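Please look at the sequence and the 3D structure together, and keep both in view while reading. The paragraphs that follow go from one part of the chain to another and explain what can be found there.

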Amino acid sequence: ANYPQSTVAWKMNEAYVRLHDEVDTEGEIEILHQNHDEFVLECLPEFLERAVVGVEKTLGAPFKIHGRVVAIPIEASISKVNGAWGKVQKQERGKT
């Protein structure tokens, strides 16, 4: 397997489990979709900051591979659905 590509797949699968176990501790944040290097999560507004911080912490954590410590930069964005996926609006952090 191609090391960079398989490394990303490995980290995403690991992150999926960590998000579920460490961020979504009470079932308030739902992981709807994982595609390549992207997660789509859903939560109520009161859990939004916790979800974003948890994703950044989980996916942005440095890890060791082949004797080197690597940190992959990530970007977490927030979108407000307002009841229909066709009406998704990107939001700034801290505004619900």
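Does Lys 11 count as buried or exposed? The answer comes from its relative accessibility, which is 9%, and because a residue is called buried when this value is under 20%, Lys 11 counts as buried. This residue is found in helix H1, which covers residues 3-23, and, if neighbours within four places in sequence are left aside, Lys 11 is in contact with Ala 61 and Phe 63. The model is a predicted one, and the values given here are computed from it.

Before going further with this residue, it helps to have the whole chain in mind. The protein chain contains two helices and six strands, and when these elements are read from the N terminus on, their order is α-β-β-α-β-β-β-β. Of the 96 residues in the chain, 23% are buried, while the area that the chain exposes comes to about 7,000 Å², with carbon and sulfur atoms supplying 52% of it. If one takes the contacts between residues at least 6 apart in sequence, 37% of them join residues that are at least 24 apart.

The two strands that follow helix H1 in this order can be taken next. Strand E1, made of residues 29-35, and strand E2, made of residues 38-43, pair in the antiparallel sense over six bridges. Within this pairing, His 33 stands opposite Val 40 of E2. The hairpin that E1 and E2 form has two residues between the strands, and here His 36 takes a positive phi near 50 degrees.

Charged side chains offer another way through the structure. Side chains of opposite charge can pair when their charged atoms come close. The structure holds three such salt bridges, and one of them brings us back to Lys 11, whose side chain meets that of Glu 14 with a distance of 2.8 Å from N to O. Since both residues lie in helix H1 and are three residues apart, about one helical turn separates them. The partners differ in their surroundings, because Lys 11 is buried at 9% relative accessibility, whereas Glu 14, at 29%, counts as partly exposed.

A salt bridge also joins Arg 18 to Glu 22, with the closest N and O atoms 3.4 Å apart. These two residues, again both in helix H1, are four residues apart, which is about one turn of the helix. Arg 18 counts as partly exposed at 23% relative accessibility, and Glu 22 likewise counts as partly exposed, at 46%.

Glu 28 and Arg 50 form a salt bridge as well, in which the closest N and O atoms are 2.6 Å apart. This pair links distant parts of the chain, for Glu 28 lies in the loop between H1 and E1, Arg 50 lies in helix H2 (residues 48-60), and the two are 22 residues apart. Glu 28 is buried, with a relative accessible area of 13%, but Arg 50, with 33%, is partly exposed.

We can now turn to the nonpolar side chains. Which residues make up the largest nonpolar core? It has ten residues, namely Met 12, Ala 15, Leu 19, Val 23, Ile 29, Ile 31, Phe 39, Ala 51, Val 55 and Leu 59. The elements that give two or more residues to this core are H1, E1 and H2, and the largest share, four residues, comes from H1. Ala 15, one of the core residues, is in contact with Phe 39, Thr 58 and Leu 59 when its neighbours within four places in sequence are left aside.

Finally, there are the aromatic rings, which form two aromatic pairs in this structure. Trp 10 and Phe 63 make an edge-to-face pair, with 5.6 Å from centre to centre and 70 degrees between the planes. Because Trp 10 lies in helix H1 and Phe 63 in strand E3 (residues 63-65), this pair ties together parts that are 53 residues apart in sequence. Trp 10 is partly exposed at 38% relative accessibility, whereas Phe 63 is buried, with a relative accessible area of 9%. The rings of Tyr 16 and Phe 39 have centres 6.1 Å apart and planes at 35 degrees, so this pair is tilted. With Tyr 16 in helix H1 and Phe 39 in strand E2, the pair ties together parts that are 23 residues apart in sequence. Tyr 16, with a relative accessible area of 35%, is partly exposed, while Phe 39, at 13% relative accessibility, counts as buried.

Terms used. Residues numbered from 1 in each chain as written. Predicted model: local features only at pLDDT ≥ 70, side-chain atom pairs only at ≥ 80, totals over all residues. Heavy atoms only, no water. Pairing = 2+ DSSP bridges. Buried < 20%, exposed > 50% of the residue type's maximum accessible area, 1.4 Å probe, protein only. Contact = heavy atoms within 4.5 Å. Areas by Shrake-Rupley, 256 points an atom, 1.4 Å probe, with all protein chains shown as cover. Salt bridge = Lys/Arg side-chain N within 4 Å of Asp/Glu carboxyl O. Core = buried A, V, L, I, M, F, W, Y, C linked by side-chain atoms within 4.5 Å. Phe/Tyr/Trp six-rings, centres within 6.5 Å; stacked < 30°, edge-to-face > 60°.
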